[in-house]
Structures are given as structure tokens and as C-alpha cells.
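The following exercises are to be worked through with the sequence and the model at hand. Each task is followed by a solution in steps.

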Amino acid sequence: MAAASSGQRFHLSPGGALRGRLRVPGDKSISHRAIMLGSIADGETEISGFLEGADALATLGAFRQLGVQIDGPEGGRVRIRGVGRDGLRGADGPLDMGNSGTSMRLLSGLLAGQRFASTLIGDASLSRRPMRRVTGPLAEMGAQIATTEEGTAPLRITPTPELAGIDYRLPVASAQVKSSLLLAGLYARGRTCVTEPAPTRDHTERMLAAFGYPLTRDGARVCLEGGGRLRGCRLEVPADISSAAFFLVGASIAPGSDLTLEHVGINPTRTGVIDILRAMGADIRIEAERDVGGEPVADLRVRSAPLRGIRIPEALVPLAIDELPAVFIAAACAEGETVLTGAEELRVKESDRIQVMADGLARLGIEAEPRPDGIRIRGGTPGADGARAVIESHGDHRIAMSFAIAALRAAGPIEIEDCANVATSFPRFATLAGGVGLQIREG
Ligand code: S3P
């Protein structure tokens with residue numbers, strides 16, 4: 001699956017508890033969007049809490065190549081001198097999106113309506129991921145984007161005289177596709193509308209509003225008119241609930257844990273993981289809820305609690321899509337069986353997260369039956385035989401961190417291979433996790 005293994009490993013000793021307070025890095029989805037909208041806005045945009053992970057840095061690097069002056073990041077602060085709606089200029093080489101699906105899909109929309117050509121490339125994992133879900137509807141708007149025969153990157157975008165707005169119904173619940181079309185819609189004639197089959201993260205819509213761009217929502221349909229302008233602003237990026245999720249699970253499964261995760265974004269399109277864990281019996285309290293620049297934020301206090309297996313409601317799947325690998329670890333430590341359905345999207349993430357998680361759970365002696373659209377997991381004791389378990393992460397950051405957390409309830413040591421990509425979303429994971437009680441060593 002993965003390209004050449006990175007050689008970076010996590011070594012985990014079994015047991016321990018998570019205690020204290022922790023602020024995980026900034027939200028990845030919001031960090032990407034802040035760079036994109038700040039770059040094409042009029043005037044300056046100042047960002048704090050920016051995620052200094054490889055994915056968001058790939059977006060930042062791309063906009064520098066497109067002629068935008070961006071200072072930072074320094075301590076999570078970024079300053080963008082917006083070039084205005086039509087101020088981007090063609091890059092002198094391909095734009096490398098690394099491992100980041102969000103960068104590639106959103107940028108393909110934003111760049112489709114420019115007067116210059118662009119080429120988007122990515123690493124081995126990203127080069128296998130489906131891109132027709134964006135290039136198809138963008139072509140309906142008049143965009144000219146060539147993919148490989150398999151519908152994958154490199155994406156070669158040729159300038160087109162004009163894009164036209166469309167009224168598009170998403171076949172899969174995808175915030176990346178929705179956002180890509182809305183960004184293309186900024187440059188299109190007339191109105192662009194996207195209807196989603198189930199709610200997906202709405203950070204693009206909220207952030208467009210923060211930049212003063214009008215858009216309307218009517219139930220599942222969101223629309224905007226092309227041709228408007230964005231006004232630079234100040235943005236504060238909350239801590240990423242997707243990164244917090246490992247600790248929500250870890251503190252739930254590790255007896256004696258009492259951990260507070262600070263300043264976590266709790267946008268209702270992202271909180272499926274809290275609902276799922278609570279339904280399993282987790283003790284998670286939402287404290288000091290507040291609003292930060294149009295995004296709700298809170299401290300999450302989680303204490304260990306006995307978990308039980310559940311049938312995960314399908315409606316929660318898009319609201320917890322990135323957190324499901326961590327949920328699988330909760331299921332592996334729960335009493336009874338957990339069943340997930342309606343989650344075939346997991347097969348086209350940074351790795352095939354259904355198969356890769358099932359394989360890793362099997363290494364830990366946990367009964368896990370992968371299915372085309374989900375998985376069935378019977379709870380038990382990970383690594384019950386006490387032997388050292390070696391897990392392949394397939395270069396997928398969320399797989400690596402999920403199995404790291406599993407060590408809290410394992411009977412034996414766990415070694416996780418190919419962990420360099422953890423830095424795409426969670427720089428300094430091992431240091432921060434070690435600071436609150438995970439017995440982890442990198443090497
Ligand atoms: C994201 C949307 C989701 C998510 C990804 C980030 C975004 O992808 O899995 O990590 O920032 O819009 P899909 O839209 O493909 O579900």
C-alpha cells in the first residue's frame with residue numbers, strides 16, 4: 001500500500017493511564033482553508049493556532065509557489081498578504097500536495113478557474129486516491145483537468161475561458177468535493193449549488209462567511225454566487241478534534257485516566273466521535289463551551305469508563321469519518337461486539353483503513369471481520385498473549401496513532417512501523433502523548 005517504508009517506528013510499552021491537560025495541534029481542515037481563503041482575499045489575514053503539520057504546510061507551500069507572500073508559521077502564527085481574487089500567478093513547476101487529499105481536492109477547484117495552468121502531484125498514497133469525484137463535476141462547470149486513466153493524480157489543469165455555476169448533488173458525503181466545487185464557484189459565472197446526501201464538515205461555508213463572502217444554506221443545499229470578493233480577517237484555529245480523538249479513546253480505555261483536552265473544535269459536523277464513544281459508555285464532559293471566529297470550541301474532560309460494543313449509527317459515519325480508526329480501538333477494548341456499516345469511504349483514505357485496521361487488530365489477537373462497507377469487532381484484550389506485536393501502519397498517520405493508543409490496554413509491547421506520516425496531522429505526537437502518560441518511544 002504505502003510507498004517505501006519511512007523507517008520511523010513507535011515502540012510502546014503496555015499499560016499506563018492518561019492524566020493532566022493537553023492541547024493538541026490545530027485543526028487540519030480549518031488550517032488548509034485559512035491559507036486558501038487568506039491567499040485570495042483582499043488585505044491581510046492573520047492566523048493563530050495553525051497546524052504546522054506536513055499536510056497544511058503543503059497547502060501553504062503551494063500558495064507561496066502561486067505568488068502569495070506568507071510569513072510563518074511561527075508558533076502557530078501565519079500572516080498572509082492576500083493577493084485578491086485574481087492575483088494568483090502560475091507556479092513555475094508542479095504543486096506537490098504530499099500526502100494531503102484535502103490540499104489536492106480543494107486546490108483543483110480553486111485553480112480550475114484561473115487564467116494559468118497548474119499541475120498537482122502527490123506522494124504514492126495520494127497518487128492512488130480517487131480524483132474523479134472532483135474532476136467530474138468540475139468538468140461540468142467547464143474546467144479542463146486531466147487525470148491518469150485510473151482517475152488519479154497527477155492532475156493537469158488547463159485554463160478555461162470561463163467556468164459556469166452548477167447545481168450538483170453529491171453522490172458521496174464528502175466535504176472535500178463540496179468545498180472544491182464552492183471554491184471553483186467563486187470563479188464561476190452565476191450560482192454554484194451543492195446538495196449533500198448527509199451533513200459533512202462545514203468549515204468552508206463558515207470560513208467564507210468569516211471572510212465576508214455571502215452564501216446561503218437551505219437544508220442540505222448550499223449555494224454561492226461567483227464573482228464576489230473576500231476580505232482578509234483574523235482567524236483562530238481550534239485544536240483538532242481528530243487529533244483529540246486518540247486521547248478521548250485512550251483515556252476512556254486506560255483505567256485511572258482523567259484527561260482534559262483544551263480548546264478543541266466541537267463543530268457539530270465533527271463531533272460524531274463523542275456521540276459514538278458516549279453511546280459505548282464513555283465519560284466525556286464538554287466544558288467551557290465558547291465561540292471562536294464562527295467555530296464552537298470547548299475543553300473536553302474524559303475519564304476512564306467501561307465501554308460496551310454498539311452498532312454505530314450510519315448517520316454518524318460522515319461526522320466521525322477520520323476518527324473511526326480510533327473508535328475501532330475503543331471497540332477492541334469494549335465488552336461485546338461493535339458493528340460498523342455504511343463506511344466504505346474508509347477504503348479510500350490515506351490507506352484502506354478497514355483492511356489495515358483489521359490486519360492490525362488481528363496481530364493483537366482481536367477478532368475483527370472486515371466487510372466491504374465496515375467492520376465487526378469483538379472486544380477483548382489487545383495482545384493478550386503478552387508477546388510483542390508488530391503493526392504495519394502503511395504510512396497512514398491515523399492508523400499509527402490509533403495503535404499507539406491501544407497499548408494503554410494491551411498485555412504486551414506494541415511496535416508500529418512506518419510512522420513518519422504522523423507528522424502530516426500531529427507533529428510531536430510522541431512527545432505530547434508521552435507527557436500525559438502514554439509509554440511511547442520513537443526510533
Ligand atoms: C476533509 C474531509 C474529509 C476528511 C478529510 C478532511 C476536509 O474527507 O476525511 O480528512 O478537510 O474537507 P472527504 O470529504 O473525502 O470525506
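**Exercise 1. Identify the residues, distant in sequence, that A245 contacts, and describe the setting of A245.**

Solution. Contact is taken as heavy atoms within 4.5 Å. Leaving aside neighbours within four places in sequence, A245 touches V273, E323 and A326. The model is a predicted one, in which local features need pLDDT of at least 70 and side-chain atom pairs pLDDT 80 or more, whereas totals for chains, interfaces and linings use all residues. Residues are numbered from 1 along each chain as its sequence is written, and side-chain values use heavy atoms, with hydrogens and water left out.

Next, place the residue: A245 belongs to helix α7. Helices (H or I, at least four residues) and strands (E, at least two) are DSSP runs, numbered from the N terminus. The relative accessible area of A245 is 0%, so this residue is buried. Here buried means under 20% relative accessible area, exposed over 50%, and partly exposed in between, for a 1.4 Å probe and protein chains only.

Finally, consider L277, 32 residues from A245 along the chain: the two C-alpha atoms are separated by 9.8 Å. L277 is one of the buried residues of α8, together with G272, V273, I274 and I276. The elements covering these residues include α7, β18, β19 and α9. Just after α8, G281 has a positive phi of about 110 degrees.

**Exercise 2. Determine the strand order of the sheet on which α7 packs, and locate its edges.**

Solution. Strands are paired if DSSP finds at least two bridges between them. The sheet is open, with 4 strands in the order β2-β17-β19-β18 and mixed pairing. Since β2 (19–22) and β18 (283–292) each have a single partner strand, they stand at the edges, so one side of each lacks a neighbour in the sheet. Ignoring direction, neighbouring strands are turned by 15 degrees against each other on average. For such angles, axes are lines fitted to C-alpha atoms, for helices over the stretch in contact, and angles run from 0 to 180 degrees between N-to-C directions.

At the β18 edge, pairing with β19 (residues 295–303) is antiparallel over 8 bridges; within it, D291 has P296 of β19 as its bridge partner. Helix α7 packs on the sheet, touching β2, β17 (258–265), β18 and β19, and its direction makes about 165 degrees with that of β17. Helix α8 (residues 272–279) also packs there, touching β18 and β19, at about 160 degrees to β18.

Within β17 lies H263, whose phi is near 60 degrees, a positive value in a residue other than glycine. With 10% relative accessibility, H263 counts as buried.

**Exercise 3. Explain why the pair of F247 and F426 is classed as tilted, and state which parts the pair ties together.**

Solution. Rings of Phe, Tyr and Trp (its six-membered ring) pair if their centres lie within 6.5 Å; planes under 30 degrees apart are stacked, over 60 edge-to-face, and the rest tilted. There are 4 aromatic pairs in the structure. The ring centres of F247 and F426 are 6.1 Å apart and the planes stand at 55 degrees, so this pair is tilted. F247 lies in α7 (residues 241–253) and F426 in the loop between β24 (414–417) and α12 (429–435), so the pair ties together parts 179 residues apart in sequence.

As to accessibility, F247 is buried at 0%, and F426 is likewise buried at 0%. One aromatic cluster is formed by F10, F247, F426 and F429.

**Exercise 4. Describe the packing of α9 against α10.**

Solution. Two packed helices are described by the angle and the distance between their axes. The axes of α9 (residues 324–332) and α10 (residues 353–363) come within 11 Å and cross at roughly 35 degrees. The contact is formed by P325, F328, I329 and A332 of α9 with R353, M357 and L361 of α10. By class, these comprise 6 nonpolar, no polar and 1 charged residues. For this count, Ala, Val, Leu, Ile, Met, Phe, Trp, Tyr, Cys and Pro are nonpolar, Asp, Glu, Lys and Arg charged, and the others, Gly among them, polar.
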